[in-house]
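Got your viewer open and ready? Let's take a walk through this model one selection at a time.

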Amino acid sequence: MSAMLTGIKVLEMANVISGPFGSMLLADLGAEVIKVEMPGTGDPFRNWAGEDAGVHPAFAAFNRGKKSITVNVKTEEGRALYLRLASDVDVVLDNFRPGILDKLGVGYDEICKTNPEVVYCAATGMGTVGPYRDRPTYDAIAQAMSGLWSQLSDVEDPEPVGPPLSDQLTGIYTAYGILGALVSKLKTGKGRKINVSMLGASLAFQPLAVADYLLSGKVADKSSRPHLSQSYTFVGQDRLSFAVHLSSPPKFWKALLATVGRPELEKDPRFIKKTDRVAHYDELRAELQAEFARRPREYWLTELVANDVPAGPIYTIEEALNDPQVKALDMVRTFGTGSRATPLVGYGVDDETRPRDEAQRPVPGLGEHTREILTNIGYSQEEIESLVQAGAV
């Protein structure tokens, strides 16, 4: 059975993370994604290490499964080629500052002249309106200005944190918006332009923190969510750490106390109700940590799981990838074969109708599919050579 988006064509004019990640998610669902790159240089992530070192992890992470064509839209020939490509796709995605592609003559209005039914998504930093629309924006700026960072770090002594949450959230909301627009197009026959900003996506990802402020006047910080959800981290005797998440059901709280052999804490005035435990979070954590420090992590995880307490080890990426449950989910897959084989993280959506051993498209080389794509849209070999000579591809 074919993948969910088989037959959907996406033209990506985007670099780095937000746009490329969004279109890669569509490629994961079966869409044909054509990535447009500048001749000679391509996406900056291809050379993120500052030297040519083969397939760079930063590029591979956000561009597997695509086709690459080089087009210089700053040339007249390249502009005409890009518009020709855009005339025969379902989706166009860009992540440039507002107005940049319009000035080059390859923006939404030009594309609509030959493809009025196109779904066009513009992924920007600050949005297409407002006093900050033209500012250069990267992940750290969107995290900072959206309030997201204030829940990940101490605002009085802040430090950069990873991964690039705002970048990737923008990519997820980009794919989400495009999918909605495609469904609308199926029903109405009409395309549309949608806008996704890094600032907006980062705020949209925080519905609880925003609701707490708007409805209760509470300003969330890095401790708000752990306290309310009763999430804890502990360190075993062997200095290995693990997480416990009690949430709301009383059974988890009682089972935790039984595991550590401290049933009397259930009657401690500081901890009787969940609201008490939220108010005295640090004191409770200290009481429990004293018990957990007496034995190694593996002992406690075995006991916690046996007592049905939500718990798990705090892993590094290396440890996570080697966990048997992660392996059972087939979360590492190989893209390409032979010398092109590249192991990367797999799909966040498991389509059970697709065979797990299905061949996966590799990470594309710069301009690898240029001639193939040009031939498919009707260019002759002589015309292709002319484009090469003109520096258009």
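Let's begin inside, with a small stop: the second largest cavity, whose volume is about 40 Å³. To find it, select Q230, L246, S247, S248, P249, W253 and R277, the residues that line this cavity. Colour them by class and you get 3 nonpolar, 3 polar and 1 charged. How many cavities of 30 Å³ or more are there? The count is 2.

**Step back for the whole chain**

Zoom out now, and keep in mind that this is a predicted model. The chain has 18 helices and 11 strands. Taken along the principal axes, the box filled by its C-alpha atoms is roughly 85 × 50 × 45 Å. If you colour the 393 residues by accessibility, 43% of them count as buried.

**The largest pocket**

Next, select F21, R64, Q168, V345 and G346. Among the 38 residues lining the largest pocket, these five lie nearest its centre. The pocket itself has a volume of about 870 Å³. Show the cartoon as well, and look for the elements that each give two or more residues to this lining: helix 1 (18-28), helix 2 (57-63), helix 7 (165-188), helix 15 (317-321), helix 16 (324-328) and strand 11 (342-345). Which of the elements gives the most to the lining? That's helix 7, with 7 residues. Now try colouring the whole lining by class: 29 of the residues are nonpolar, 5 are polar and 4 are charged.

**A side trip from strand 11**

While strand 11 is on screen, follow the chain into the loop that runs between strand 11 and helix 17 (370-376), and pick out E368 there. Is E368 buried, partly exposed or exposed? Its relative accessible area is 38%, so E368 is partly exposed. Now add S68 to your selection and draw a distance between the two C-alpha atoms. E368 and S68 are 300 residues apart along the chain, yet their C-alpha atoms are separated by 5.7 Å.

**The second largest pocket**

For the next stop, select Q151, L208, A220, S224 and R225. Of the 23 residues that line the second largest pocket, these lie nearest its centre. The space in this pocket comes to about 590 Å³. Helix 9, helix 10 (224-229) and helix 12 (274-279) each supply at least two of the lining residues. Helix 10 gives the most, with 5 residues. Colour this lining by class too, and you'll have 12 nonpolar, 5 polar and 6 charged residues.

**Out to the surface along helix 9**

Stay with helix 9, since helix 9 also has a part in our last stop. Switch on the surface and select L203, V210, Y213, L214, L215 and V219: together they make a nonpolar surface patch of about 640 Å². Helix 9 (residues 207-216) gives the most to this patch, with 4 residues.

Finish by clicking on V210, which lies in helix 9. Why does V210 count as partly exposed? Its relative accessibility is 30%, and partly exposed covers what falls between under 20%, which is buried, and over 50%, which is exposed.

**If you want another lap**

Turn the surface off and show the two pocket linings side by side. One is the lining to which helix 7 gives the most, and the other is the lining to which helix 10 gives the most. Then bring back the patch residues, and you can see helix 9 both in the patch and in the lining of the second largest pocket.

Conventions: Residues are numbered from 1 along each chain as its sequence is written. This is a predicted model: local features need pLDDT of at least 70, side-chain atom pairs count only at pLDDT 80 or more; totals for chains, interfaces and linings use all residues. Side-chain values use heavy atoms; hydrogens and water are left out. Patches are made of residues with over 30% relative accessible area and no salt bridge: like charges are joined within 9 Å, nonpolar side chains (Val, Leu, Ile, Met, Phe, Trp, Tyr) within 5 Å. Accessible areas come from the Shrake-Rupley method with a 1.4 Å probe; for residues, only the protein chains shown count as cover. A salt bridge is a side-chain nitrogen of Lys or Arg within 4 Å of a carboxyl oxygen of Asp or Glu. Buried means under 20% relative accessible area, exposed over 50%, partly exposed in between (1.4 Å probe, protein chains only). On a 1 Å grid over the protein atoms alone, a cavity is a set of points where a 1.4 Å probe fits but cannot get out, and a pocket is an open set with protein on both sides within 12 Å along at least five of seven lines; lining residues have an atom within 4 Å of a point. Grid points are joined across faces, edges and corners, and a volume is the space filled by probe spheres set on the points. Ala, Val, Leu, Ile, Met, Phe, Trp, Tyr, Cys and Pro count as nonpolar, Asp, Glu, Lys and Arg as charged, and the others, Gly among them, as polar.
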